[in-house]
Amino acid sequence: AENNEILKLEQLTKQFGGIKALTDVSLQVRSGEIFGLIGPNGAGKTTFINMVTGLERPTSGKIFFQQKEITGKSMNELSSMGMVRTFQTSKLFESMTVLENVTAGMSSKLKNDVGMALLQNQKFRAEEEHAVNVAYQLIKLTGLEDKAFELCANLSYGHRRLAEIARALASQPEILFLDEPAAGLNLKEREQLQALILRLRDEFGMTIFIVEHDLNLLSNICDHMAVLNFGVKIADGSPEEVMRNPDVVQAYLGRR
Ligand code: ATP
């Protein structure tokens, strides 16, 4: 089971001045699983995802991705290694179409592949055409094919969230971090999101790490869950185990 592990955190701690946002959080994520992290407001979820995806440095502790230590690496470095995330607030280019946004998610990789000098030539155009085709397939996967040529500015909130995921997929993640993906989605969009996450695992073997408030969404689709409360991990296990844990019931459900 050791080499099945894609992500490992050892005693991560983050301190902001006198506030300990996270204290000694350790956990392991297995390759190909859907892992859910929950916790009440202020529990440290945002701090956690920011540290693991390279937006903030831990005060202490270590992070390993595919057995390599990555503590302190930047978000760009991590994304080129296959750790990709979405954000709670939209990072889409509003004046571009969904297809253009998703294609843009791939283009830096493409540019690296072919080199800037080749930008104008035939080979690049062929690769770009290929990129657009792949982008369209990713949009289809998220169920947004009807919106592919729509400007992002005209999308509903829920469609925008799905378009963000399509764009994240364009950089070919090994592990995809979703920051509260269900927030603000209606029932139909939640179902679309659930189906998408399951397909990413089942058809593409992707590992998905979800930070969420929505317990129902997580308990329905996660293989493994962990719970944070006041920056401390209070539970870790199958959704059934976690939902039955008295500390979780009191800390999380009791406070809602
Ligand atoms: P929410 O669901 O409301 O986003 P959360 O679980 O994501 O909450 P965090 O935003 O990670 O929680 O915050 C955890 C704790 O760390 C809180 O007490 C918060 O006030 C504190 N905190 C977070 N970021 C900073 C910062 N930059 N400076 C000081 N304190 C911070």
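## Inside and outside

Out of the 256 residues in the protein, 48% are buried. Keep in mind that this is a predicted model. What is left open to the outside adds up to about 12300 Å², with carbon and sulfur atoms supplying 49% of that exposed area.

## Overall shape

Let's look at the whole chain. A compact globule of 256 residues would have a radius of gyration near 18 Å, and this protein comes in at 19 Å, so the two agree. If you draw a box around the C-alpha atoms along the principal axes, you get roughly 60 × 40 × 40 Å.

The fold is built with nine helices and ten strands. Now take the contacts between residues at least 6 apart in sequence: 68% of them join residues at least 24 apart.

## A look at helix 1

Helix 1 covers residues 45-52, and it's mostly tucked away, with seven of its eight residues buried. The buried ones are K45, T47, F48, I49, N50, M51 and V52. After the helix comes G54, which has a positive phi, near 85°.

## Cysteines

How many disulfides does the structure hold? Zero. Two cysteines are still worth finding in the model. C152 has 0% relative accessibility, so it counts as buried. C222 has a relative accessible area of 8%; that is under the 20% cut-off, so C222 is buried too.

## Charges

On the charge side, you'll find 28 positive and 32 negative side chains in the protein. Work out the centre of each set, and the two centres lie 4 Å apart.

Notes
Residues are numbered from 1 along each chain as its sequence is written. This is a predicted model: local features need pLDDT of at least 70, side-chain atom pairs count only at pLDDT 80 or more; totals for chains, interfaces and linings use all residues. Side-chain values use heavy atoms; hydrogens and water are left out. Buried means under 20% relative accessible area, exposed over 50%, partly exposed in between (1.4 Å probe, protein chains only). Helices (H or I, at least four residues) and strands (E, at least two) are DSSP runs, numbered from the N terminus. A disulfide is a pair of cysteine sulfur atoms within 2.5 Å. The radius of gyration is taken over C-alpha atoms; the globule rule is 2.2 Å times the number of residues to the power 0.38. Contact means heavy atoms within 4.5 Å. Accessible areas come from the Shrake-Rupley method with a 1.4 Å probe; for residues, only the protein chains shown count as cover. Lys and Arg count as positive and Asp and Glu as negative; His and the chain ends are not counted. The place of a charge is taken as NZ of Lys, CZ of Arg, CG of Asp or CD of Glu.
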